[in-house]
Structures are given as structure tokens and as C-alpha cells.
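Thanks for coming. I have one structure for today, so let me put it on the screen.

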There are 2 protein chains.
Amino acid sequence: MGSPALRENSAPENSRLEILQAAAESFEQRGFSATSIDDVARMLGCTKGRIYHHFGSKADLFAAVFRLGMEMNFAAVEPLTHTDASATEKLRMMAEEHVRQMVTTKPFQRVVWDGVELLMRGALTPEQRDECLRLQQSRKRYSALFRAQMEKAKADGTVQYDDLSVATQVLFTCLNSPVFWYRPRIADLRKDQDAVIEQVVRFGLNGLGMKEA
Amino acid sequence: MGSPALRENSAPENSRLEILQAAAESFEQRGFSATSIDDVARMLGCTKGRIYHHFGSKADLFAAVFRLGMEMNFAAVEPLTHTDASATEKLRMMAEEHVRQMVTTKPFQRVVWDGVELLMRGALTPEQRDECLRLQQSRKRYSALFRAQMEKAKADGTVQYDDLSVATQVLFTCLNSPVFWYRPRIADLRKDQDAVIEQVVRFGLNGLGMKEA
DNA sequence: TTGACAACATACTCAGTAGTATGATCACAT
DNA sequence: ATGTGATCATACTACTGAGTATGTTGTCAA
């Protein structure tokens, strides 16, 4: 009773999340190297001390934002792969949820896009290097979720593509594109998001040669 | 005679181009802020003196790379708009040439992608600001070339999309995608490029709802 | 009460980098 | 031959920004 597990999401964890949020927005706006730790601190109205208390380095902070972004993607998409819909329907639902993530958690998803290549170049400690490899792996696992349904759908004859690797790259670039150009309208937020999501998904699935629903 | 105009592309201009080439590759690999002028100089086997002799600042160098990239795009695509093909056919040809630019001049096109937003944030002199606005304008003029054919093709009923702005953004993101993931194979270079170009173009046009040729 | 530790703020160090000032070399015109 | 300007290299300055060392405050357990 009164064990530490009961207040798992209290002040310290909230402080971490607040930092991650601010860091995501900073990285989104200025990119990794153009963002200074002081920038993030200023956005929070605090000093570097707070950030370096929770994160070991700038690269660690970036990696944490990346990891959280990927976790949100998995949480939204992975359950859909366990339903008993057709591969085509799964692909459509997965694409829709993926794009929804792009517009609802855009700062984090932009960091995921900028991604690991950025972290890989430059001097890294062995532990940081291992962490980067794990993050790369998680992204590969994520895209593999889509790849699997794409192959099944192709076998079913509902989509056509030549090279699977190229098709995956183009499809993801297409579905991810809102992280670059989407700006939420003040009014009609949900309706605006849904409209964008539907157009992007349609474009992507049409790109794969899928017939309209 | 022997006027200066006769030797327009002699040593000094070649030196400039050599710098632009190296700068493009550096910016492509590490991004704008992570690239130092010394990096570019090192790649050329020279020192900063040479670079600052030809370009006033790091931002000027970046802008020059951007400008050259856009010029190559216009040179490849703009002539096609003057042919007397159908809007659909024009769109196909323009997309093909555009993607060809992405794979053949990738470093420059990556800089064009990173683009002007990057330059706009941060302190700029009034002249630099004007130059940035001009570059933004040139990119808008370029996308307008495609937009025009998209509208005609929609009127012809050969493509379908809801919002023109969204469709343009997604289409361009799709056609530009090779700047992120394309890596030339050593052997069969031309054949490899053509295959990628064809798949990307097909994806993009299918995304617009265009029927297969 | 007190000691211990979490959660920061403050005040530094130090390496890297944009930009400059100046010197060296060479071509070329007069 | 000589001055002149273009084309660089060398040697600086000034500043930003990552990371650290240390001080301060609150909290909580014994």
C-alpha cells in the first residue's frame, strides 16, 4: 500500500513528458542540429538543468522523442493486423490510422521522419549506437506490418506494384506527407483532419492500383 | 575580339560550379546547419577562402545551390508545357522528367526540398530576405506548371481529386520521394534509374486516379 | 529533527564554426 | 617591367552551444 507503483504517473513523469512535447515541437520547427537545448528550455520557461536531469544528451532527448512517436504508431496500427478483415481492408484501415497519427501527433512524427540516419552520422557512444539500431529495428518492424498486407493484397490481385521495396518507400512517403504540409485550420478541426486523411489515403491506395471502394 | 564573352565558362565559372557541387553533396548528407563551410572546403581539398571569395555567406551558398536545382527542373520540364499533347499526356511526361531530375541531380534536389523555409527562419539581411522570396516564387511557378495540367486533366475527366492543394502536395511529395531513398546501383545505372522512375510516376498518376496507359 | 535524495537553477568550460582581415600568387593588359 | 585585379590560402576574432560542476530547495522516510 502506498507503494511507488500507485503514483506511477505523478510529477516526475509528467515533467519528462512536458519536455518531450516541447522538444518534439522544437525539432519539428528547426530540425535537430539547429535546435539548441536552451531553445527547448526557453520554450518550457526553465533552464538546461531540468533537461539534462532527465536526459543524458541532446541525442538521447531526440531518441526519446523518436521512440515515443513510434510507440504511438504501433499502438494505433498494430491492433488492426489482428482483425479478421481481408488484406485489402486491413491495408486501408492501417493507412487511415497511420495518416491520422501524422496529423494528430505531427511534431513527433516529423522527428520520426528525420529519424535515425541523422543520429547515426556523428560520433556516438557504443550504448547510443545500440539504441539507434534498436530504433531502426522498430521502424523496420512497423513498415513490415504494411509490407505483409501489401504482399497478400497483391496475391489477391487487388493491388499491383512491381518492386515491393520501391512501392513501400513511395507509399510511406505519400502517407507521411502531411507532416510537411499539413496546417490545422482553426475551425472545424476534426472535420478538416478527416478530409485530409481521406484524400491522402485514397491517393496512396490508388497509387498501389487499388480500386475505389 | 577576344572579348570576355567568348570565354564565359572558363576557370572562374568552373570553380564556382565545383563549389556548388560539393556544397550540394554536403547539404544533402548532413543538412544545412550541420554542414560547415570547412566541410565543403575539405571535400574540395581547399580552404574557406575560396568559398567566401565566390559566395558571401553560408546562406548565399545554400541559396545558390537551390537556385541551380530549380533552374535544372525548369529546363527539363517547362518545354513540355509548350507541346500540343493532351493535358494527361503532358502531365505524364512532366512527371517523368521531374522524377528523372530527382534521381540524376539528387543532391541539388534534396536541397530544393529542404528549401526556403529553412532560410526564412533565422536572421536575414533584407537582401537575403528578398532573394529567399524570389526563390519561393520560383518554386510556386514550378508547381503551377503541374497544377495547370492537373486542372485540365480533371476537366477532361482523366484524373480525379478533391482539393487541388492537397492533391498537389501529395503528388509532389510522392514524385520527390526518390531524393530520400534512392541509391543508385553500381551496374545497370540507366536501366535501374528508368525502372525507378517508371514505378514512381505510375504510383503518382494512379494516385490521381489516372487510368493505366 | 535530520539525513538523503530527487528535481531542478546557476555558473561555468571548451570545442566548433561563421565570418573577416590580410597576405601570397598568377594572369594579363599597358 | 609593372601595376592591377582576380583567386585563392593563412591567421585571426567573436560567438554560439553542448556538456559539466556545483549550489539550492523541497520532500519524505526513519
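I will go through the symmetry, then the two DNA strands, then one helix pair.

Before anything else, please keep in mind that this is a predicted model.

Let me start with how the two protein chains relate. Chain A superposes on chain B by a rotation of 180° with 0.0 Å of shift along the axis, and the RMSD is 0.1 Å. That is the relation of a two-fold axis. The two copies use the same surface, in that 100% of the contact residues of chain A recur in chain B. If you want a landmark for the axis, take G207(A): of the residues of chain A, G207(A) comes closest to the rotation axis, with its C-alpha at 2.1 Å.

Now the DNA, beginning with strand C. Which residues are closest to DNA strand C? They are P12(A), S15(A), T47(A), R50(A) and K48(B), out of 15 residues that surround the strand. So both chains appear in that list. The elements that give two or more residues to this surface are helix 1, residues 11-30, and helix 3 of chain A, together with helix 3 of chain B. Helix 3 of chain A gives the most, with four residues. By class, the surface near DNA strand C has four nonpolar, eight polar and three charged residues.

Looking at individual atoms around DNA strand C, there are contacts to phosphate and to a base. The side chain of S15(A) has an N or O atom 2.8 Å from a phosphate oxygen of DNA strand C. From the other chain, Y52(B) places a side-chain N or O atom 3.2 Å from a phosphate oxygen of the strand. K48(B) goes to a base: one of its polar side-chain atoms lies 2.7 Å from a base oxygen of DNA strand C. Of the atoms of DNA strand C within 4 Å of the protein, 60% belong to sugar or phosphate, and the rest belong to bases.

On to DNA strand D. Here 15 residues surround the strand, and the closest are K48(A), P12(B), S15(B), T47(B) and H54(B). Which elements supply at least two residues each to the surface near DNA strand D? Helix 3 of chain A, residues 48-54, does, and from chain B helix 1, residues 11-30, and helix 3, residues 48-54, do as well. Helix 3 of chain B has the largest share, four residues. The surface near DNA strand D divides by class into four nonpolar, eight polar and three charged residues.

For the atoms at DNA strand D, I have two backbone contacts and one side-chain contact to show. In chain A, T35(A) has a backbone N or O atom 3.2 Å from a phosphate oxygen of DNA strand D, and I37(A) has a backbone N or O atom 3.1 Å from a phosphate oxygen of that strand. In chain B, an N or O atom in the side chain of T47(B) is 2.9 Å from a phosphate oxygen of DNA strand D. Sugar or phosphate accounts for 57% of the atoms of DNA strand D within 4 Å of the protein, and bases account for the rest.

Last item, a helix pair within chain B. The axes of helix 5, residues 87-104, and helix 7, residues 126-156, of chain B come within 8 Å and cross at roughly 145°. Is the crossing of helix 5 and helix 7 of chain B left-handed or right-handed? It is left-handed. On the helix 5 side of chain B, the residues in contact include L91(B), M94(B) and A95(B). On the helix 7 side of chain B, they include L145(B), F146(B) and M150(B). The residues of this contact divide into nine nonpolar, three polar and three charged.

That is what I have; questions are welcome.

Technical notes:
Residues numbered from 1 in each chain as written. Chains lettered and ligands numbered in written order. Predicted model: local features only at pLDDT ≥ 70, side-chain atom pairs only at ≥ 80, totals over all residues. Heavy atoms only, no water. Near = heavy atom within 4 Å. Polar contact = N/O pair within 3.5 Å; in protein donor to acceptor, adjacent residues only side chain to side chain. Nonpolar A, V, L, I, M, F, W, Y, C, P; charged D, E, K, R; others polar. Axes fitted to C-alpha atoms, helices over the stretch in contact; angles between N-to-C directions. Left-handed = near helix turned anticlockwise from the far one by under 90°. Contact = heavy atoms within 4.5 Å. Least-squares fit on C-alpha atoms with pLDDT ≥ 70 in both.
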